[in-house]
Amino acid sequence: MATAADYVASGLALVSIPTGQKGPSSKGWQRPENAMTDPQRASALRGNIGLAHAYSRPRTMALDIDDLPKARKWLDERGVDLDALLEADDGVQISSGRRGRAKLLYRLPPGCAPIRTRQITDPETGEVMLEFRCASASGLTVQDVLPPSIHPVTGMPYRWAGKGTWKDIPQVPEAPQLAAGWPDNRKKSLFVMQLVLGRLGFGVLDRRVRQSHLGVTPFTGFHVTPSVTPIFH
């Protein structure tokens with residue numbers, strides 16, 4: 001079974017979570033100086049543990065499915081086959097054991113800035129269908145609980161699922177049609193297609209970049225700016 005020290009040695013940054021809870025309780029846990037990136041320090045962790053997406057190397061994100069049928073339909077309308085993602089040979093999932101839910105982990109391309117978390121809600125009920133999780137609007141990390149933490153509702157441990165391995169989390173797969181699902185739709189919509197990373201709709205936009213001068217540079221099939229500023233505020 002993987003330990004906290006194993007995760008850190010693989011480049012994953014961690015946060016401490018009290019036993020029986022899904023989130024940290026310590027003040028300022030979202031800040032980079034409070035993330036655990038030292039294996040020796042991580043080995044002393046007790047209780048549940050969470051993955052700090054924005055401070056992992058490379059950074060990570062989660063595609064968090066709260067309602068599988070609705071999320072499948074929403075993604076399908078944007079040309080994304082959720083079942084194919086779940087069944088991918090390199091797919092890495094975190095399973096809580098709860099029906100109708102799923103969570104896929106991906107790495108962002110090296111050098112990519114943290115991406116602002118976005119929730120997709122049911123327009124009728126207001127309930128969250130799926131969520132793209134990485135960082136807050138201010139660029140601080142969000143977290144997802146890692147195995148073998150104990151789920152507060154089921155009382156059972158989270159477990160790794162999917163055909164891949166957490167030791168080799170894949171980069172976000174090609175799905176440029178999902179670009180419209182990530183950013184705020186107002187003035188930022190003019191930038192979307194030029195700033196799409198081409199994989200689940202991620203893009204990076206420096207605060208200083210103006211509409212008249214995008215200043216993007218190609219990076220292994222992506223368009224990124226040399227900034228660590230989160231996009232789309």
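1. W166 first. In this predicted model, W166 has 10% relative accessibility and therefore counts as buried. The cut-off for buried is under 20% relative accessible area.

2. W166 has a ring partner in W160. The two ring centres lie 6.4 Å apart with planes at 20°, so the pair is stacked. W160 itself is partly exposed, with a relative accessible area of 22%. The stack thus joins a buried ring, W166, to a partly exposed one, W160.

3. W160 also pairs with Y7. Here the ring centres are 6.1 Å apart and the planes stand at 70°, so this pair is edge-to-face. Y7 sits in helix α1 (residues 4-9) and W160 in strand β9 (residues 159-161), so the pair ties together parts that are 153 residues apart in sequence. Y7 counts as buried, at 1% relative accessibility.

4. Taken together, ring pairs link Y7, W160 and W166 into a cluster. The structure holds three aromatic pairs. The two described above are among them.

5. Now the nonpolar cores. Which residues touch the most other members of the largest core? They are L63, I65, L82 and L130, in a core of 31 residues. At least two residues each come from β3 (60-65), α3 (68-76), α4 (82-86), β5 (102-107) and β7 (128-133). Helix α3 gives the most, with four residues.

6. L63 deserves a close look in the viewer. Setting aside neighbours within four places in sequence, L63 is in contact with L82, L85, A102, K103, L104, Y106, L130, E131 and F132. Two of these partners, L82 and L130, are again among the residues that touch the most other core members. Another core lies apart from this one. That core has 21 residues, including A2, Y7, L51 and I94. Y7 therefore has a place both in this core and in the ring cluster with W160 and W166, and is buried at 1% relative accessibility.

7. Next, charge pairs. Side chains of opposite charge can pair when their charged atoms come close. How many salt bridges does a search of the whole structure find? The count is ten.

8. One of them joins K103 and D64, at 3.8 Å from N to O. K103 is in strand β5 and D64 in strand β3, so this pair links distant parts of the chain, 39 residues apart. Are the two residues buried or exposed? Both K103 and D64 are buried. K103 is also listed among the contacts of L63.

9. K70 and D122 form another salt bridge, 2.6 Å from N to O. K70 lies in helix α3 and D122 in the loop between β6 (118-121) and β7, so the bridge ties together parts 52 residues apart in sequence. The two ends differ in exposure. K70 counts as partly exposed, at 30% relative accessibility. D122 counts as buried, at 10%.

10. E77 and K73 make a further salt bridge, with their closest N and O atoms 2.6 Å apart. Both E77 and K73 are exposed. By contrast, K103 and D64 are both buried.

11. Finally, the network. Salt bridges that share partners join D64, K103, E131, R133 and D144 into one network. D64 and K103 are the pair with the 3.8 Å N to O distance. E131, like K103, is among the contacts of L63.

Notes
Residues numbered from 1 in each chain as written. Predicted model: local features only at pLDDT ≥ 70, side-chain atom pairs only at ≥ 80, totals over all residues. Heavy atoms only, no water. Core = buried A, V, L, I, M, F, W, Y, C linked by side-chain atoms within 4.5 Å. Buried < 20%, exposed > 50% of the residue type's maximum accessible area, 1.4 Å probe, protein only. Contact = heavy atoms within 4.5 Å. Salt bridge = Lys/Arg side-chain N within 4 Å of Asp/Glu carboxyl O. Phe/Tyr/Trp six-rings, centres within 6.5 Å; stacked < 30°, edge-to-face > 60°.
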